[in-house]
Protein chains: 2
Amino acid sequence: MGQIIKNNASVKSIATASGVSAATVSRVLNADPAVKESTRILVQKNIKKAGYSLNRVAQRLRTKKKTGRLIGLLIPDIQNPFYVDVIRGIEEIAYANGSAMVIGNFSQDEDKERVYIDILRAESVDGFIVAPAHGRDHYIEELAMEGYPLVCIDRGLTNLNVDVVTVDNQEGAYKATEHLIKLGHRKIAHIHGDKSIPTTNERILGYKLALQSYDIPVNDKWIVGMSSDFESGKFYTRKLMTMQDTPTAIFTGNNLLTLGLLDISYQMKIEIPKMLALVGFDDMYWATSLNPPLTAIRQSGTAIGRRAVEMLYRQIENPEREPSRVILKTELMVRKSCGS
Amino acid sequence: MGQIIKNNASVKSIATASGVSAATVSRVLNADPAVKESTRILVQKNIKKAGYSLNRVAQRLRTKKKTGRLIGLLIPDIQNPFYVDVIRGIEEIAYANGSAMVIGNFSQDEDKERVYIDILRAESVDGFIVAPAHGRDHYIEELAMEGYPLVCIDRGLTNLNVDVVTVDNQEGAYKATEHLIKLGHRKIAHIHGDKSIPTTNERILGYKLALQSYDIPVNDKWIVGMSSDFESGKFYTRKLMTMQDTPTAIFTGNNLLTLGLLDISYQMKIEIPKMLALVGFDDMYWATSLNPPLTAIRQSGTAIGRRAVEMLYRQIENPEREPSRVILKTELMVRKSCGS
DNA sequence: TTCGGATTTGAAATCGATTACAATTTGTTT
DNA sequence: AAACAAATTGTAATCGATTTCAAATCCGAA
């Protein structure tokens with residue numbers, strides 16, 4: 001107990017056990033075709049026998065070119081179910097390729113984001129998947145300009161052409177709003193998130209466009225919001241529902257805002273959808289567990305995540321490729337919270 | 001564009017720039033008191049000037065003793081909000097100490113768990129925080145016996161004395177059941193999770209004990225469950241509520257089961273709490289957004305996570321310490337889903 | 001049998017830090 | 001001023017893999 005029984009197998013030990021040089025063992029490990037069949041088999045046998053497993057740290061130190069075995073993730077808020085889905089999607093593909101991921105959760109705090117970038121860099125991650133704090137994030141721009149493999153998710157960079165995976169936020173917001181309009185609502189409010197986040201503005205735009213398309217005047221009093229969290233959802237719901245002129249429907253800008261709304265609506269005894277119709281941006285796998293089941297704009301976090309890693313791998317393999325922008329579609333999940 | 005502008009500062013370059021040896025620079029980096037004040041200042045100036053930042057990969061390769069800078073996490077299910085809270089708690093303390101974390105989400109799949117252990121090992125993480133797939137997880141036992149720093153969360157190991165942070169599951173389940181009993185229920189069912197997970201059995205036991213304390217016969221027909229997920233919650237809720245003799249209250253064994261129940265209860269038009277009282281194990285920060293707000297046994301994932309990292313650090317500092325077992329209390333959050 | 005090219009293999013440097021040990025400098029004491 | 005201890009610093013090996021370049025081996029053709 002307590003003593004260290006280290007597995008001491010190394011390239012060198014395998015080499016001597018096999019009567020070859022370390023170089024040859026390394027070649028076998030990397031499936032170099034220049035190795036003679038018979039020695040390859042011999043070495044592989046010894047690798048198995050010794051229970052050897054490669055030391056990724058040594059490998060990463062030595063190897064210049066990125067291998068994609070360690071992926072750095074920069075996530076604005078791990079408590080947000082959407083990002084959990086993203087992480088899940090990334091993990092799925094990463095695992096299938098033998099990659100591990102280091103996660104930095106920066107809580108939409110730019111300083112923390114920087115610290116994490118420095119840390120992940122110091123860990124020599126092979127590439128980054130980032131949801132930038134905002135569109136002109138200088139630290140992340142630097143990363144990209146250095147040629148560090150990088151894929152942005154959810155949000156892009158304003159000044160730089162990088163690989164991006166997002167969703168058509170504007171269209172999603174449009175569909176949400178349009179759905180409410182078609183149900184007969186004209187007094188539709190929008191609770192939006194942090195305006196420094198690009199998606200927020202795209203969603204606001206989609207909301208406005210929908211109203212305009214149907215000749216409904218945009219009422220600025222009904223466009224409210226500050227930050228993208230639960231508390232903000234509560235605060236602005238209360239604010240909206242205590243106005244003299246209350247809306248009959250609300251489109252919430254993300255899942256946390258939606259949940260905040262739900263909390264307050266219960267407290268205020270506002271029945272949904274009878275007294276207030278609701279469509280939220282972001283779906284959750286348990287959205288049907290809400291009462292009534294939530295009508296929502298679904299953006300598949302897992303799909304975004306999967307796509308992002310794939311792009312990262314491609315970028316690592318071929319650094320010269322032009323950056324591309326993948327825009328996934330959203331889907332309106334009609335359930336009960338809007339009176340369907 | 002595309003070219004690699006690497007920041008080439010290294011211990012050696014700082015050394016030559018400062019006119020000292022690499023050893024001295026390393027000493028400054030590690031705050032070795034043996035360095036003369038004046039040279040320390042000089043070196044630090046050059047470090048700043050060159051924008052140098054330490055390469056953790058090289059450091060980890062060279063250094064025998066664990067530094068705690070890279071923590072490996074093995075999580076059974078990242079989609080489960082409870083584990084997200086745990087991760088958040090870990091991250092909070094880890095970040096404050098400049099540590100990064102590598103996450104392996106093994107989906108309660110033992111093979112996947114093994115693969116991740118191998119990967120994290122190959123990455124030479126300084127320690128593990130693990131929620132073992134089950135109590136006699138051989139691979140994790142090995143880790144512990146090798147003296148690898150390790151803290152178990154949520155679940156311990158049956159055969160081995162290791163650092164553990166859990167919650168008093170039995171007591172929690174007891175409180176949940178007792179609450180329902182005190183509200184007048186006698187027909188109380190329990191939907192439990194995967195029985196290979198120790199916590200599941202502790203919670204079943206607590207449930208039974210509560211019934212027995214109040215002289216209510218335990219009805220095995222009302223103790224149902226298979227796995228710990230959403231679908232299982234749906235399946236067994238339907239099963240319970242279509243029996244000839246349906247329960248008037250259900251205690252669900254975890255949050256996913258609770259959400260599954262909620263989904264089906266809406267579908268079956270079972271009003272909560274009027275027709276069915278509900279208390280769930282696991283609270284969520286958005287439990288008040290459910291309609292009605294969920295009465296739940298709260299176990300603080302963040303507290304567990306925080307405590308776990310702290311124990312890991314302690315273990316790394318002092319490997320000889322006897323393992324200890326921390327059992328946190330649960331709290332009954334009385335809200336509306338049980339008729340309060 | 002010998003030569004030239006293709007196949008295989010090995011020696012040694014390298015990635016960037018740490019550290020044991022030795023060497024040097026400094027300061028104190030007689 | 002000599003002698004010795006304490007305070008600083010440097011040299012060189014090391015962690016475990018990869019990679020360049022050269023050396024050794026093999027093969028068929030002349």
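In E12(A), Ala296(A) has Met333(A) as its bridge partner. The pairing behind that is antiparallel: strand E10 (residues 295-298) of chain A and E12(A) share 3 bridges. Strands here count as paired if DSSP finds at least two bridges between them, and the labels are DSSP runs numbered from the N terminus, with helices (H or I) of at least four residues and strands (E) of at least two.

This is a predicted model, where local features need pLDDT of at least 70 and side-chain atom pairs count only at pLDDT 80 or more, while totals for chains, interfaces and linings use all residues. Residues are numbered from 1 along each chain as its sequence is written, and chains are lettered from A and ligands numbered from 1 in the order in which they are written.

**The six-stranded sheet of chain A**

- The sheet is open and mixed, and its 6 strands go in the order E7-E6-E8-E9-E10-E12 (chain A).
- Strand E7 (223-225) and strand E12 (331-333) of chain A sit at the edges, each pairing on one side only.
- On average, neighbouring strands are turned by 20 degrees against each other, direction ignored.
- Helix H9 (residues 198-213) of chain A lies across strand E6 (188-192), E7, strand E8 (249-252) and strand E9 (277-281) of that chain, and runs at about 175 degrees to E6(A).
- Helix H10 (residues 230-241) of chain A also packs on the sheet, touching E6, E7 and E8 of chain A, with its direction at about 145 degrees to that of E7(A).
- For these angles, axes are lines fitted to C-alpha atoms (for helices, over the stretch in contact), and values run from 0 to 180 degrees between N-to-C directions.

**The sheet that spans both chains**

- A second open, mixed sheet has 12 strands, in the order E11(A)-E5(A)-E4(A)-E3(A)-E1(A)-E2(A)-E2(B)-E1(B)-E3(B)-E4(B)-E5(B)-E11(B).
- Its edge strands are E11 (325-328) of chain A and E11 (325-328) of chain B.
- Where the chains join, strand E2 (residues 100-105) of chain A runs antiparallel to E2(B), with 3 bridges between them.
- Met101(A) is bridged to Ile103(B) in E2(B).
- Over in chain B, strand E4 (residues 150-153) and strand E5 (residues 163-167) are parallel and joined by 3 bridges; Cys152(B) stands opposite Val164(B) there.
- Helix H12 (residues 301-317) of chain B lies across strand E1 (70-75), strand E3 (127-130), E4, E5 and E11 of chain B, at about 170 degrees to E5(B).

**Chain A against chain B**

- Each chain puts 47 residues into the contact, where two residues touch if their C-beta atoms, placed from the backbone, lie within 7 Å.
- E2(B) gives the largest share of chain B's side, 6 residues.
- That side of chain B has 26 nonpolar, 12 polar and 9 charged residues. In this scheme Ala, Val, Leu, Ile, Met, Phe, Trp, Tyr, Cys and Pro are nonpolar, Asp, Glu, Lys and Arg are charged, and the others, Gly among them, are polar.

**Around the DNA**

- DNA strand C has 26 residues around it, and Arg62(A), Ser10(B), Ala23(B), Ser26(B) and Ala58(B) come nearest. A residue is near a molecule or strand if its C-beta atom, placed from the backbone, lies within 6 Å of it.
- H2(B) supplies the largest share of the surface near strand C, 5 residues.
- By class, the surface near strand C has 13 nonpolar, 9 polar and 4 charged residues.
- DNA strand D is surrounded by 25 residues, the closest being Ser10(A), Ala23(A), Ser26(A), Ala58(A) and Arg62(B).
- The surface near strand D has 13 nonpolar, 9 polar and 3 charged residues.
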